[in-house]
Structure formats: structure tokens, C-alpha cells
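Hi there,

I am passing a structure on to you, with some notes to read beside it. Please open it first and then follow along below.

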Number of protein chains: 2
Amino acid sequence: MEKEKKFVEAITSMEEDFAKWYTDVVKKAELVDYSSVRGCMIIRPYGYAIWENIQKYLDSMLKETGHENVYMPLFIPENLLKKEAEHVEGFAPEVAWVTHGGNEELTERLCVRPTSETLFCDHYSKIIQSYKDLPKLYNQWCSVVRWEKTTRPFLRTTEFLWQEGHTAHATAEEAQEETIRMLNIYAKLCEEILAIPVVKGQKTDKEKFAGAKATYTIESLMHDGKALQCGTSHNFGDGFARAFDIQYTDKDGKLKYVHQTSWGITTRLIGAIIMVHGDNSGLVLPPAIAPTQLIIIPIAMHKPGVVEKAAELKERLSKVARVNMDVSDKMPGWKFSEYEMKGVPLRLEVGPKDIEKNQVVLVRRDSREKIVVSMDEIETKIPEILQDIQRSLLEKARAAQLEKTSTATTLDEFVDLINNKPGFIKAMWCGERECEDKIKELTSATSRCMPFEQEHVSDTCICCGKPAKKLVYWGRAY
Amino acid sequence: MEKEKKFVEAITSMEEDFAKWYTDVVKKAELVDYSSVRGCMIIRPYGYAIWENIQKYLDSMLKETGHENVYMPLFIPENLLKKEAEHVEGFAPEVAWVTHGGNEELTERLCVRPTSETLFCDHYSKIIQSYKDLPKLYNQWCSVVRWEKTTRPFLRTTEFLWQEGHTAHATAEEAQEETIRMLNIYAKLCEEILAIPVVKGQKTDKEKFAGAKATYTIESLMHDGKALQCGTSHNFGDGFARAFDIQYTDKDGKLKYVHQTSWGITTRLIGAIIMVHGDNSGLVLPPAIAPTQLIIIPIAMHKPGVVEKAAELKERLSKVARVNMDVSDKMPGWKFSEYEMKGVPLRLEVGPKDIEKNQVVLVRRDSREKIVVSMDEIETKIPEILQDIQRSLLEKARAAQLEKTSTATTLDEFVDLINNKPGFIKAMWCGERECEDKIKELTSATSRCMPFEQEHVSDTCICCGKPAKKLVYWGRAY
């Protein structure tokens, strides 16, 4: 009763069923497995290695900009969660409650953190006394829990991994600078490392974080034309400081409230990578975060010298890239499909004929281009090709985003676009919540952001016809 | 109303009150703060940076030995926890229960993971089919929750950080090899990186992990003579595999159960560092895990050229060590005390006279030895001194452990030693649970381990007088 796992099964094509294509990819590329816990995912080694690469890059950026990592408790007492009114209203409906510890019922319920503003504020109120204690630039890597009704791996899960930055500053200006600095770092992470182009902008009041004065966002577009929020950065002003009494003695001897920010990115970025770069053969990973950048596959392994030569190449190339070699007894064609499914950026084939000619055959995952390279040049050529893959993935994604971004000046045009050419729709807005609500009701599109790069595409609000105040990017979103 | 923080307050001496000394150090060295959540600690930047250094070292050791990181859910459904009988009996009394999600009561309670054997087993039962899928060498970095009645920072907290390795193997031999390999890696971490000498051995049945066939441990001794378990490695045999039906098809075509291990170390190692190396001036950190290895303190900062020279030295030394500089307006003496409290291994003082003589003054945290070094030699001398500090901390701790390890051949002698010369007591044991229970009742000492290096110190059990089977290390423990 042999129970053999088949590596290469066809996946649903994205044209046929995009949602099914997505779940096929996360499963078949072994990023995730479903767990016995409702709405919670198991992040498998390959998926976790991608997250570790994202962490490594971002963590070093955070440290370079003076941030320090800390660890706060997993639980928040109900009373603490309630201290900031808007915040508790936003989060209470979706938290998990611990009511029993050991065999005893707790006198006060604890929620499993959905986000840790309240814990950081409680701590800041104790450790901040003087202007000399400011700024406090703290970050935390952890998991958080939000009780979601419908879930999908990486995109929306009851538990997910993230980092949450929480900072306290002496002045409103410094807090605003920090908020934008972090948004820019996130944009850099997305564009330079994940090869995902983003639109930077501010959220409308309707879409901003519960308790924030202003929320900024980076928004990206997936293959199916739906938008995905890739990261947010919030300016809290002194709202939380007043609720939690976080005051410091300034140089002038006066007690003042601090100004705060918070910002976060999550494992949903892995979902974005899949849906921005993936194709009908599976995952396509940008080299900068690919756990394996180059897979070596020996051809005609039984022939003398082939495996030895492949091992020698692996050893040499390990100094310039993250390299793996597959010497299992599967057929080369099966291996090709397997590493295509896993999105390994570059494949190196080496067989008896190649050895004779002192060459290797490289195959790019993104373009499937075959490149024959002399063995003498692999250490210089391969890093160059990896860089070119990284660059061209971003370029291709930029072109796709541009192609899926339209402009509407009437509501009819808007409705037609959202149904027939899904993507970002640029349209003017009067600034009223009612118009946002109406557009959502009509089209299920939401305001993604008011972009920093404002344009004037018409004079009046797309919805009510009153004078326009802002250009807004609209779209259906994950 | 200036609220100024004082950096340097005297701490309780360890001779006066060891427990108070400990909590003074964790607070004043800014490792930890108490939170509003019962039994949960806040790990502050300085404490977390130590944990990150431990993680960095251990994680690279785990990857070198073929282990892969994954992430499992935070929650365990009650039914899953109950699958292995001994395991649930051991953990159920100390778990936190989630009973409500959002506004709804759950149909099945979820416990917040106290450890994740059950989740790994559930996953393994799905992904292991063939001998080709083995071994599975997974590890997870996360936090776990155990509902403790009395807590102390790092040593015993309701929530703590750890790594938990969970592996599955084709044979019992491989599982046993892995169990011991991991114990040895932990011992290496403790001795080479944390400069903490450990005794390696096996736990008695009474002290082993709930559900394990055999538990191995590394045990260390604190300043006060109490033992601290620094890490454990468990061989599960096929017990969990049978409970969770984890079977694979072997080369011979037969279905067989896998053999499993698990192993973990936690943030309590930071507690061990404090209590093995600390003194009445505060923390003493081994250079290998010190967030700052060298602190530069300019003397007579207002004199021309001093701060500039200090900055130049910092720049030069940053290439060979983790260096910081303090140019705040506090008096040098205050700075000295502050960095002594924080356990920074080496201090560099540089003032106008030193600049004149082309020299710096180094002061070791461990021995307080002053060393004058030519500015031309700092790049070679400082790493040498840091290595010497690392080496001599381990040597000193070894000597202290040896000094606190006694041998008893009668129960009277045992009782006298445990009360008057606290430490490890080596004594023979018959192998019966009753004798362990009786010794604990009489002395509150427990069997720490049956050391791998067995000696024969007498013929009969220290407790019942029957023929002895094993030498046991006994001690009161954290």
C-alpha cells in the first residue's frame, strides 16, 4: 500500500478560477497547510523561509533607522482594551476571549491581542518621564488574532504573523515625519525586494485605523485586478497619550502629552507576491526573497562525472547565491515542474554534453528564456541574471498595474470599468462619507487611498456631482 | 514638576536577599518591565537584544544541522490536546482557555498552546506518507502560555518565548540520535556562548516530559546554589505516532509508525545568565551575547578634540566589536555605574591625557582590571580581551559549580548539605519513585538528572538503603 506523494499535478488556471488557482498554488508550492484550528494556517518551511527573508530585510532597515525590538504580552485585559473609545469599538467585535486559566474562571476576561497599541501605551505611560526619554522607537515581531468569518491563506486568517511598530515623540511634527518615514520604508520593501509596485497615499476617514488621526497606506494590484493593502502607517496624534496619560516633562519644565505612531506589515505580503508574480505553472519568486535562488538539476545522473560536476558547481555558486541541487531519482522533467511550481528564479541544467562543452544551461523562471553560459563565467553571469530577473519582475508588474489603472469621470463609466476592466479607478471625490458608502453599495469598490501624487481628472465628485476635493484610487480589494 | 529618572540606584546585595537582588537587576538593567497582565512580562529592548543574540546563534546551528522553521497555530482545539493521554494530563491543568470568538461562544474550547506536540503530530499525520518524506526536522520560534500561580521574570512566567523542535524519523535509533544531538547543541550554546557550565543527563520518570519515553536535560547551578534546567530534549518513541496515526510506507512496502523527538530552550536562559554571572553591581554579560560589547565613555568631554577622538575610535572599533558611545551630559561616574549595571563587558575611557599619550584605558566588567592600551593596537587588543572575558567567565562559573557540588552517602549528610551548603548533591538512588518523593518531602530537593558521566559514590540508595542503581544529581531548583 504505497502512499506516494505526487509533486506535479496540474493546477487550476487563473483564467478559469482565480481563487482556486491561488489556493492551488499555496498548497502545491508547499507554502501553507490547513490546520485543525478554524481559520488558522500552518506556515510550512518554504513559506516560512520567505517570511524570514522579508523579516531579515525589514528588521535591518528598522534597526538602521534607530528602532528597537521588544516583546509585549499576548493578552490584553478587557479594561485596558477599553481605554481608547474608538479603538475598542473597532476591535472588540473580532477578538478571541480567554475566560479560564487552568481550572479557574478569570475575574477579568483577557483578549488575545488583535494589535498591541493598548499594551505599548500602558508601558510608555510608565517609562516615559522626561524629554530625554524621547523618542521611543519600538517594534515587535509577533502573531495577532482577529476572529474572521471567512478566511484565506495569507490574505485573511484568524491568526497571522506581523510586525507592529509603536513610537512616541515629543512633537506632532516628529510623529508625522516618522509616520511617513515608515510608509516609505514599506514602499521600498515592496518595490525593491518584493518587486511589487505600490501607490502611496492617505486613507479616507472611513477606512482609517480605529483610533488614528490619519492612516497612510501602500496599495498594490493583483493579477485579477483586485487591490491589496500591503502596509499601513498611522499617526495617532495625542489621542492615545490622553487616554493613557503618557506625559513627559519638556525642556521648559512643562508636562506635555507625547505624539504617537504605529505601523505594520503582515504575512499577507506573501499573498501579494503570489498574486502579482505567479502564473499558471505556479509561484514566481523575486530573487531577493527566494529561499532558493538557483536550483541545480543534473541531467543523465547515471553517467560518470555528472553528479560530481553538479556538486562542484553548487559549491562554487554557494558563494554568490542561495543554491540547491536535486539529485533525487525523479525524472528531470518532473524536477523542472516542481521547481517551477515553487517559483525558483533560475534553473541550472548540467549533463554530459554540457560538461564536454564546458558550459551549463540556465533557464529563467520568469521568461523561460534559455541561456547557455560557459562554466568559467557562472560566478559573474548568474548574479547578473538574478538581478535582471528582479528588475524585470518589477517592470512587468508596473506595466500590469498601469494597464489596469483607469480614470472615470462619471458614475456610469465607473460602474462599467469596475465590472469590465477590474483594477484601480482614479476618480474625484467630494470628501463625504455618504458618497463612499454609495459607491461601495453600487460597486463593492472601496476608496483605496487619496494618493500623494494628486491629479485633477475632473471638477466634480464622481458620485454626487458636488465640487471635488481629492483624487481617490478606488477598487475592489482583498 | 521635573520627573527625572535616576539611572543608578543601589540594588539589594545578593547576600542580603538573593530573590530581591535578582528582581532589582532585571528591573534596573532594563531587561524587563512588569505588565498589567497577570504573570506576563514585557521584554524591553535590552533584554530582547540578548534574546535575539541567543536566537541568532541557535537558529544558525539548527539550520546547519538540517532543521527548518515553520509556524503552527497559537490555538489547540480541546479534542486535539486530549489525543495523547499522558500529555493532556500533564498540561491541561495549566492552560488558558479561549471560549469566545468575537461575540459568539465557541462550540469547542481552544487552549492557548502550552507546547505544540499535538499540532505538529496532526500536521505530520497529513504530510508524511513515504520513507522518502523522512526525517522531518522542524523547529518553531514562538511564545507559549502556562497558567502559573507564582511568577518571576524570565524564570517562570505565564507567557514565555522559546523554540520548540519537533522531529519525525523512520527508526528508533535515528530518533535517539537526534535527541542527543540536540541536547549537545544546547550544551554548546550554554557553555560556549552563555559561558554557563552544564551537567548533561537523563531525567527520572517522575521528572520527564508528559508523553515522553525519555527526557534528557542540561542542568546548571546559580549563585545561590539552586539548580536551573537550561534545556530539555525528549525522545517520544512512537507514542505520539500511535495516538495521531503517523505512519509511513517503508522501503519494504510496509506501513510503520514514525519515531519522534521534541526539544526546547526558553527565555529563562536569560535568568540563568543573570544568576550565574551577575554581581552586586548588576548584570555581567558574556561578550558573545552582549548587545553592547564595548562602551566608549569620553572623559572631560568639553575639552577640544575629545568627543571627536571618541567618535573616531567608535568608527574604527565598530569593525571588530559591537560598540556604543555615551556622549550624554551625565557625569562619567554615573555612566560607569550605568553600564556596569547593564553588564557591558568592556569600558573604554578616553580623555585629554590619553589622547596626549596616544592611549586608551580599558576596564573589564568581570574583574574590574584596568588595562592601558596604545591607540595603535586597539583593533587587535580589544577582541583578545573580549575573548579572554568570555573564557574566564566560563572558568569562573565552572569553579563555582564545582565548589557547590557535594557528595552525600547518608540521608543525614544530604539534609545537612542541602541546608548548609546549597548546590548539587551527588547521591546514589535505587530507581524507585517513592525515594524521590520522600527526599523531596524532607528537603524540597528534586532529582535534577542521572548524569551521563556516572560515578559510583556508594553501594546503596541514599534514601531506602536498597542496592543503588544510578548516581543522581539532586538539588533545589528554579
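Which residue follows H1(A) and has a positive phi? That residue is A:Glu30, with a phi near 60°. Before you go further, please keep in mind that this is a predicted model.

Let's stay with helix H1 of chain A for a moment, which covers residues 18–28. At its start, the backbone nitrogen of A:Ala19 has a side-chain oxygen of A:Asp17 within 3.2 Å. The buried residues of this helix are A:Phe18, A:Trp21, A:Tyr22, A:Thr23, A:Asp24, A:Val25 and A:Val26. What do they pack against? Their partners in chain A are strand S1 (32–34) and helix H8 (268–277).

Next, have a look at helix H9 of chain A, residues 306–317. With 12 residues at 1.5 Å a residue, this helix should span 16 Å, and its end C-alpha atoms are indeed 16 Å apart, so the two values agree. Its buried residues are A:Val306, A:Lys309, A:Ala310, A:Leu313 and A:Leu317. These residues cover an arc of only 100° around the axis, and therefore lie on the same side of H9(A). On the face turned away from that buried side you will find the exposed residues A:Glu308 and A:Glu315. The buried residues of H9(A) pack against several elements of chain A, including strand S15 (294–298), helix H11 (352–356) and helix H12 (378–403).

Now for the cysteines. A disulfide is a covalent bond between the sulfur atoms of two cysteines. How many disulfides are there over all chains? With sulfur atoms required to be within 2.5 Å, the count is 0. A:Cys230, for instance, is in no disulfide, and the nearest cysteine sulfur, that of A:Cys190, is 4.3 Å away. In chain B, the closest cysteine sulfur to that of B:Cys230 belongs to B:Cys190, and because the distance is 4.4 Å, it is too far for a bond. A:Cys230 counts as buried, at 2% relative accessibility, and B:Cys230 also counts as buried, at 3%.

Finally, how do the chains relate? A turn of 180° with a shift of 0.0 Å along the axis lays chain A on chain B with an RMSD of 0.0 Å. The two copies are therefore related as by a two-fold rotation axis. In chain A, A:Val98 has the C-alpha nearest this axis, at 2.1 Å from it. The same surface serves both copies, as 100% of the contact residues of chain A recur in chain B.

Enjoy exploring, and write back with any questions!

Best wishes

Definitions and conventions:
Residues are numbered from 1 along each chain as its sequence is written. Chains are lettered from A and ligands numbered from 1 in the order in which they are written. This is a predicted model: local features need pLDDT of at least 70, side-chain atom pairs count only at pLDDT 80 or more; totals for chains, interfaces and linings use all residues. Side-chain values use heavy atoms; hydrogens and water are left out. Copies are superposed by least squares on the C-alpha atoms of residues with pLDDT of at least 70 in both. Contact means heavy atoms within 4.5 Å. Buried means under 20% relative accessible area, exposed over 50%, partly exposed in between (1.4 Å probe, protein chains only). Helices (H or I, at least four residues) and strands (E, at least two) are DSSP runs, numbered from the N terminus. The expected span of a helix is 1.5 Å times one less than its number of residues. The arc is that of the directions from the helix axis to the C-beta atoms. A polar contact is a pair of N or O atoms within 3.5 Å; within protein, one must be able to donate a hydrogen and the other to accept it, and residues adjacent in sequence count only if both atoms are side-chain atoms.
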